[in-house]
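Colleague: I'm new to this one, so could you pick a single strand and walk me through its surroundings?

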Amino acid sequence: MRRGLLQRESLPRPDRARVMVVANQKGGVGKTTTAVNLAAGLAQGGLRVLVIDLDPQGNASTALAVEHTRGTLSTYDALVDGVPLSEVAQPCEELPGLMVVPATIDLAGAEIELVSVVARENRLRKAILGWDRVSGDGEDRFDYVLIDCPPSLGLLTLNALVAAEELLLPIQAEYYALEGVGQLLETVELVRANLNPRLRISTVLLTMYDGRTRLSAAVADEVRGHFGDRVLSTAIPRAVRVSEAPSYAQTVMTYDPASSGALSYREAARELAQQVEKKETEPHVVAAGSQGGTA
């Protein structure tokens, strides 16, 4: 019944494209999994979505089954050579309405090649705004642009933070996952102060949640206490199907639509689409070593 209700639901379109960066410099928190499955959930809700894979490992490209072998036009070509995103993006065959800008291994050298480029931190923003399907008002414009970042705070992630207006922060429901959040928030504040005053943390998603443990509940309480209603009420459970899906070049939404992971990501996508725009001031960054080790 839960699945049927979700499948029948069409999601509301935002007034303009929401450009969101999915970032967390700690690896293994479900960042790429969140990016591709939320994108799939939004597309299944009738929205037009663009996923930009900014991780040289190309895991998002793998999960969405688009070509990303060396020589394929990719985010590297858009960032380094200025190739328009409209020439780089590929449709996702499994999910109508979803397009992907893939990443190839060439992207690993982009940070070095961009060091001497003027305004190197604005390359991705310029590429995104240069596509009228993002910046325009036509019927075929994208509703969401989700940027999947590498697990680091280098130049690629900086480009994503400058290009986006919203940051979606996946946090694994374990103690160690909290420790790195302070560093990310400090980086966000620096970007807001110097490069992109529009950037704000709009959404926090708890991943790998295990309802059987008190640790997951304690971490969830601490995250909700700090970020308030920016934390989605849906938490993504630790589920085997979510981990299996990429090995079949699929998201869990198409691999096993009835699984708990797929249903949770659909509900998270619905929450994201129905989110009320907030204009709150970002939370104060607490120095490292503060209570609970969080920001």
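Modeller: Let's take strand S6, which pairs with strand S7 (residues 200-207) in the parallel sense over seven bridges. Strands here are DSSP runs of E with at least two residues, numbered from the N terminus, and two of them pair if DSSP finds at least two bridges between them. Before going on, note that this is a predicted model, where local features need pLDDT of at least 70, side-chain atom pairs count only at pLDDT 80 or more, and totals for chains, interfaces and linings use all residues. Residues are numbered from 1 along each chain as its sequence is written, and side-chain values use heavy atoms, with hydrogens and water left out.

Back to the pairing with S7: look at Gln172, which stands opposite Thr207. S6 also has strand S1 (residues 18-22) as a partner, again running parallel, and three bridges join the two. One spot to find there is Val22, whose bridge partner in S6 is Leu168.

Now for how covered the strand is. S6 spans residues 166-172, and seven of its seven residues are buried, meaning under 20% relative accessible area with a 1.4 Å probe, protein chains only. In a regular strand the side chains alternate between the two faces of the sheet. Here, one side of S6 carries Glu166, Leu168, Pro170 and Gln172, while Leu167, Leu169 and Ile171 sit on the other. Both faces are covered, and the residues on each are all buried. So when you trace S6, you can follow Leu168 to Val22 in S1 and Gln172 to Thr207 in S7.

How values were computed. Buried < 20%, exposed > 50% of the residue type's maximum accessible area, 1.4 Å probe, protein only. Helix = DSSP H or I, 4+ residues; strand = E, 2+ residues; numbered from the N terminus.
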